[in-house]
Amino acid sequence: DYVVKIVEGRVFIEGVNDGNIHGKHKQPVKFSADSGVPAFTLSATEFVKNDSKKRKTLAKRWPFKGDEPKWPQPTFTGMLKSPGSPKRVFFKYTISIEGAIPADPIIIIER
């Protein structure tokens, strides 16, 4: 479980590894806005190697099973989806709240 807070004008994710998530597919992950904190928006992109041709065309990639919900939300629970053929996949995810500097931790999903 991760609690989304605002500390000194910045979005802060309280939980294991400061919001960096390292888990296996099908693992549930829950985010909740702290008391008095507005609803948040979560977006993600898949990491690629610096020399990859894909880095020029990075698109949003949803790291959870199912469709992405409508944002903003006060809570979100999702199951990490399978990384597919590689043994692991890396995502950069952002949690933003209007008027605050967003948080940008990572998600690593193992098979």
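# A guided reading of an all-strand chain

The accessible surface of the protein chain amounts to about 7,100 Å², and carbon and sulfur atoms hold 50% of that surface. The model described here is a predicted one. The chain has 111 residues, and 32% of these are buried. Its secondary structure consists of 8 strands and 0 helices, so that, by the way such elements are assigned, the order along the sequence reads β-β-β-β-β-β-β-β. Among contacts with a separation of 6 or more, 62% are made by residues 24 or more positions apart.

The pairing of the strands offers a convenient way in. Strand E5, residues 41–46, runs antiparallel to E7, and 6 bridges join the two. One of the residue pairs here is formed by Glu 46 and its bridge partner in E7, Phe 91. Strand E7, which spans residues 88–96, is also joined to E8 by 5 bridges, again in an antiparallel arrangement. Within that second pairing, Val 89 stands opposite Ile 109 of E8, while Phe 90 has Ile 108 of E8 as its bridge partner. E7 thus takes part in a pairing with E5 and in a pairing with E8.

Strand E8, residues 106–110, has a further partner. Strand E3, made of residues 21–24, pairs with E8 in the parallel sense over 4 bridges. Lys 24 has Glu 110 of E8 as its bridge partner. Is E8 enclosed or open to the surroundings? Because 4 of its 5 residues are buried, E8 is largely enclosed by the rest of the structure. As general background to these pairings, side chains in a regular strand alternate between the two faces of the sheet.

The interior can be followed next. The largest nonpolar core has 25 residues, and those touching the most other members are Phe 31, Phe 64, Tyr 93 and Ile 95. Two or more residues of this core come from each of the strands E1 (2–7), E2 (10–14), E4 (28–33), E5 (41–46), E7 (88–96) and E8 (106–110). E7 supplies the largest share, with 4 residues.

Phe 64 deserves a separate look. Apart from its neighbours within four places in sequence, Phe 64 is in contact with Val 29, Phe 31, Leu 42, Phe 76, Gly 78, Met 79, Leu 80, Lys 81 and Ile 107. Phe 31, itself among the core residues that touch the most other members, is one of these contacts. Phe 64 also belongs to a cluster in which ring pairs link Phe 40, Trp 62, Phe 64, Trp 71 and Phe 76. Across the whole structure, the search finds 8 aromatic pairs.

Trp 71, a member of that cluster, leads to a feature of the backbone. A cis peptide bond, with omega of about 0°, joins Trp 71 and Pro 72. Pro 72 is located in the loop between E5 and strand E6 (75–79).

Attention may now return to E7 and to the loop that follows. Thr 94 lies in E7, and its side chain makes a polar contact of 2.4 Å with the side chain of Asp 104. Leaving out residues up to four places away in sequence, Thr 94 touches Thr 41, Leu 42, Ser 43, Pro 102, Ala 103 and Asp 104. One of these, Ala 103, lies in the loop between E7 and E8. Is Ala 103 buried or exposed? Ala 103 counts as buried because its relative accessible area is 10%, which is under the limit of 20%. With residues up to four places away again set aside, Ala 103 touches Val 11, Ile 13, Tyr 93, Thr 94 and Ile 95. Ala 103 and Tyr 93 are 10 residues apart in sequence, and their C-alpha atoms are 8.2 Å apart in space.

Two other loops hold residues with a notable backbone angle. Glu 8, in the loop between E1 and E2, has a phi near 50°, a positive value in a residue other than glycine. Glu 8 counts as exposed because its relative accessible area is 80%, over the limit of 50%. Asn 17, in the loop between E2 and E3, likewise has a positive phi, of about 55°, although it is not a glycine.

Key
Residues are numbered from 1 along each chain as its sequence is written. This is a predicted model: local features need pLDDT of at least 70, side-chain atom pairs count only at pLDDT 80 or more; totals for chains, interfaces and linings use all residues. Side-chain values use heavy atoms; hydrogens and water are left out. A nonpolar core is a set of buried Ala, Val, Leu, Ile, Met, Phe, Trp, Tyr and Cys residues joined through side-chain atoms within 4.5 Å. Buried means under 20% relative accessible area, exposed over 50%, partly exposed in between (1.4 Å probe, protein chains only). Contact means heavy atoms within 4.5 Å. Two strands pair if DSSP finds at least two bridges between them. Accessible areas come from the Shrake-Rupley method with a 1.4 Å probe; for residues, only the protein chains shown count as cover. Rings of Phe, Tyr and Trp (its six-membered ring) pair if their centres lie within 6.5 Å; planes under 30 degrees apart count as stacked, over 60 as edge-to-face and the rest as tilted. A polar contact is a pair of N or O atoms within 3.5 Å; within protein, one must be able to donate a hydrogen and the other to accept it, and residues adjacent in sequence count only if both atoms are side-chain atoms.
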